[in-house]
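This report covers two annotated spans, the contact between two chains, and three individual residues.

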Amino acid sequence: MQLRFTPEEEAFRTELREFFTTEIPEDIRRRNAEGKLKYPEDLVTTTQILNRRGIAVPAWPVEAGGQDWTPVQHHIWREEMALNFVPDLLPFNAGMVGPVIAHFGNDEQKEKFLPVTANLDLWWCQGFSEPEAGSDLASLKTRAVRDGDHYVVNGQKTWTTLGQFADWIFMLVRTDPDVKKQAGISFLLIDLNTPGIEMRPIQLIDGSHEVNEVFFSDVRVPVENLVGEENQGWTIAKFLLGNERSGIARVGFTKTKLARAKKLAAEITTPTGTLLDDPAIASRLADLENQLLALEITQLRVVAGSANGKQNPASSLLKLRGSQLQQDAMELLADIAGPDSLPVAGVDAALANGTADVDSPVWAQLAVPDYLNYRKVTIYGGSSEVQRQIIDKAVLGL
Amino acid sequence: MEFDLSEEQVMLRDTVRSVLTSAYDVERLRAVTDTDLGWSREVWNSLAEIGILGLVFSEDDGGMGAGHEELSVVMEEFGASLAPEPLLGSVVVPGLLVAATADDATRADIIGGLSSGERLLAFAHTEAGDRWPHAAVATTATDGALTGTKTLVDHGDCADAFIVSARDADGAVGLYLVAADAEGLVRTAYRTHDRRRGAQVSLANTPGIRLGSGDASQIIADVEVSTQSALCAEAVGATTRTLEMTTGYLKSRKQFGVPLATFQALAHRAADMFASAELARSMSTYFTASLADGDYDPIIASRAKLQVCRSARHVGQEGVQMHGGIGMTAEYPVAHYVSRLTAIAHTLGDADAHLARLSGSIKDWDMVTVG
């Protein structure tokens with residue numbers, strides 16, 4: 001057993017940290033730390049800086065612009081991004097459609113899409129979920145009917161995250177309604193400027209506009225935009241969702257939130273000292289820090305296991321526990337903010353949510369919207385219930 | 001970053017597993033734990049023969065020269081099979097104290113006897129009202145004569161000698177070797193809820209031999225950390241086994257005409273038990289690895305034991321609940337595991353005590369880091 005990183009891995013970490021802290025603009029990292037990133041420009045700027053250095057899409061195949069890193073190096077890269085408040089890369093590009101095109105796409109698709117996807121010159125969104133197909137994704141109904149050189153697409157997608165900034169959407173569509181539901185699905189790329197597409201915002205629990213509904217009526221999509229074989233979409237979807245779960249524990253992110261909670265609690269004075277001297281708060285913090293450490297070691301075990309080419313079935317528990325700990329950290333921050341979390345905006349309803357110009361600190365005003373927003377993490381990417389189901393079937397054999 | 005056991009460690013694990021699983025099923029375990037001694041001399045001799053008793057002592061002292069990782073490997077097997085042999089209480093803990101304090105001749109003599117299985121020691125340290133991490137040591141040593149009462153002496157019932165902590169006239173804590181038949185020593189044996197044994201030991205002007213010079217408090221603290229690590233590994237073995245038993249039961253037991261595993265409410269709780277067991281294993285591994293690096297950090301000990309105690313309680317309680325009525329019986333092993341896990345939790349600090357230590361130190365770090 002050896003729990004230390006090698007000198008080479010430590011050097012790799014130092015090099016990344018140096019790059020992140022000198023090359024990624026400080027104001028972007030500060031906005032990210034405060035939860036106030038500017039979309040889409042902060043993400044585009046960051047991605048393009050990383051891409052110039054060749055580390056925007058390290059998980060892609062090397063010939064598609066990826067890096068020949070060990071699993072531990074990937075882990076360190078993710079960890080250092082989070083600890084230095086470098087914004088997460090757009091998952092739809094870096095984690096989802098990029099690897100799919102690299103793996104299943106033809107040469108023209110690779111040439112056309114991979115460079116612009118890596119550089120975020122083209123912003124993708126995801127068209128998987130539908131009103132009647134959430135966790136039961138294979139029940140999706142959006143139809144694509146072949147008509148000469150085109151598919152004609154009709155239907156509705158939902159929960160399309162950041163779709164308002166997107167140029168293209170990657171979709172699961174039903175191309176054969178007469179077979180077992182998983183067998184009649186295809187993976188299609190659609191330019192959002194195609195006539196017949198309408199995107200409508202969904203306002204969320206925290207007041208934000210993060211997700212959308214997308215409606216398709218007689219949308220004509222060239223057949224060349226089909227990825228892989230017709231009706232092979234479910235295989236591609238499973239490949240994509242497997243990738244989606246890999247980095248989802250977000251231990252580094254939660255670490256920064258707990259460190260922030262501790263710092264803020266130490267700044268809030270009470271009649272007997274600071275909030276950090278309150279044994280209940282100190283205990284919650286210590287408890288969460290410890291649970292997070294246990295998850296981090298577990299993640300390292302999974303990473304080290306995959307270094308030997310073995311599938312470690314513990315990866316669903318990373319999603320299960322990692323998402324819960326993200327929520328717990330946001331909950332603690334909201335509670336530390338306390339009554340100062342009540343104001344969130346001026347009274348003019350026409351203005352976007354931001355913060356109110358009152359004496360309550362900005363971080364406190366953002367605390368409850370963030371807390372509410374993070375209720376999503378045990379729902380998306382396979383809900384906690386789905387993860388438990390995976391553990392039951394794949395690990396425990398129940 | 002390497003979490004796998006070495007080939008030698010795998011061999012060690014398999015050897016111990018084979019000795020213990022052939023020695024114990026639930027009936028034989030009950031038969032042995034119902035004897036006065038509470039454990040088996042026969043198994044003890046087998047363990048001595050394959051070198052387990054001398055595992056952590058240096059070869060110069062007559063041991064195997066292995067380390068904490070190997071001890072954890074063995075303790076996990078003890079936990080998995082609920083083996084009652086007092087490896088920790090009668091050999092490892094007192095032996096490590098002797099190894100750290102005694103002169104060459106005494107050390108080789110005592111540790112040789114421990115390793116061969118002929119000698120049984122016990123560490124008499126706790127006194128009435130002590131509760132981890134507090135240890136008052138009110139027992140006094142005056143010109144080599146000890147007076148005081150030591151409670152909760154793990155396997156003190158069968159020890160032929162004790163390592164007794166006592167306060168010298170200058171206030172230093174010393175460690176004394178005291179024969180069980182020494183004048184003025186009275187021991188009162190007891191059974192524990194997990195079918196183990198212990199004793200209270202009172203001393204009245206009892207002669208003892210001081211091991212080493214100076215204050216032994218740091219040595220005791222380091223051995224305490226080692227013991228916590230061994231207990232964590234034992235708990236991981238017992239927790240993992242409890243989970244396996246429970247999932248096995250869910251698959252085989254039918255109610256309403258179908259296996260219990262088909263009820264999602266139960267299956268999902270089993271998934272949470274799995275998560276608990278894995279988190280405990282991670283922290284125990286982390287703890288052992290840092291000890292193997294020579295880092296006897298009490299904060300890491302608290303981190304590991306907090307998680308291990310939490311997981312053990314969660315898995316143990318759910319294990320009983322999902323077994324239903326059968327889980328309440330002494331005829332079925334799950335109850336024995338829960339009792340042992342509870343005893344481990346109450347030894348050298350439970351989850352609350354360790355969380356209190358971490359909460360109290362929280363200003364000492366900004367962020368918890370590994371490596």
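A residue is called buried when its relative accessible area is under 20%, exposed when that area is over 50%, and partly exposed in between. The model described here is predicted.

**Residues inside one chain**

B:Arg107 has a relative accessible area of 18%, so B:Arg107 is buried, the cut-off being under 20%. B:Arg107 belongs to helix α6 of chain B, which covers residues 104-116. Its side chain makes a polar contact of 3.0 Å with the side chain of B:Asp61. Leaving aside residues up to four places away in sequence, B:Arg107 touches B:Asp61, B:Val98, B:Ala99, B:Ala102 and B:Gly112. B:Asp61 is thus named both as a polar partner and among the residues touched.

A:Asp147 is found in strand β2 of chain A, residues 143-147. A:Asp147 counts as partly exposed because its relative accessibility is 38%. Not counting residues up to four places away in sequence, A:Asp147 touches A:Val152 and A:Arg220. With A:Arg220 there is also a polar contact between side chains, at 2.9 Å. A:Gly163 is 16 residues from A:Asp147 along the chain, and the C-alpha atoms of the two are separated by 27 Å.

**Annotated spans**

UniProt, in an unreviewed entry, places the feature "domain: Acyl-CoA dehydrogenase/oxidase N-terminal" at residues 6-119 of chain A. For chain B, the UniProt annotation "domain: Acyl-CoA dehydrogenase/oxidase N-terminal", also from an unreviewed entry, covers residues 6-118. The table gives the computed values for both spans.

| Span | Distance between end C-alpha atoms | Helix | Strand |
|---|---|---|---|
| Chain A, residues 6-119 | 31 Å | 68% | 0% |
| Chain B, residues 6-118 | 30 Å | 67% | 0% |

B:Arg107, in helix α6 (residues 104-116) of chain B, lies within the annotated span of chain B, residues 6-118.

**Contact between chain A and chain B**

The size of an interface is often given as the accessible area lost when the parts come together. Between chain B and chain A, the buried area is about 4,400 Å², and carbon and sulfur atoms give 65% of this area. The contact takes 45 residues from chain B and 45 residues from chain A.

How many salt bridges are there between chain B and chain A? The count is five. In one salt bridge, the side chains of B:Glu278 and A:Arg301 meet at 2.7 Å, N to O. Across the interface of chain B and chain A, 17 residue pairs are in polar contact, both residues being at pLDDT 80 or more.

On the side of chain B that touches chain A, at least two residues each come from α7 (217-252), α8 (264-292), α9 (298-323) and α11 (351-360) of chain B. Which helix supplies the largest share of that side? It is α8(B), with 17 residues. By residue class, the side of chain B that touches chain A divides into 23 nonpolar, 10 polar and 12 charged residues.

B:Ser359 is found in helix α11 of chain B, one of the helices supplying that side. Not counting residues up to four places away in sequence, B:Ser359 touches A:Ala282, A:Ser283 and A:Ala286. B:Ser359 counts as buried because its relative accessibility is 12%.

How values were computed
Residues are numbered from 1 along each chain as its sequence is written. Chains are lettered from A and ligands numbered from 1 in the order in which they are written. This is a predicted model: local features need pLDDT of at least 70, side-chain atom pairs count only at pLDDT 80 or more; totals for chains, interfaces and linings use all residues. Side-chain values use heavy atoms; hydrogens and water are left out. UniProt positions are given in the numbering used here, feature names are shortened, and annotations may be inferred rather than shown by experiment. Helices (H or I, at least four residues) and strands (E, at least two) are DSSP runs, numbered from the N terminus. Contact means heavy atoms within 4.5 Å. Buried area is the accessible area (1.4 Å probe) that two parts lose on being put together, summed over both. A salt bridge is a side-chain nitrogen of Lys or Arg within 4 Å of a carboxyl oxygen of Asp or Glu. A polar contact is a pair of N or O atoms within 3.5 Å; within protein, one must be able to donate a hydrogen and the other to accept it, and residues adjacent in sequence count only if both atoms are side-chain atoms. Ala, Val, Leu, Ile, Met, Phe, Trp, Tyr, Cys and Pro count as nonpolar, Asp, Glu, Lys and Arg as charged, and the others, Gly among them, as polar. Buried means under 20% relative accessible area, exposed over 50%, partly exposed in between (1.4 Å probe, protein chains only).
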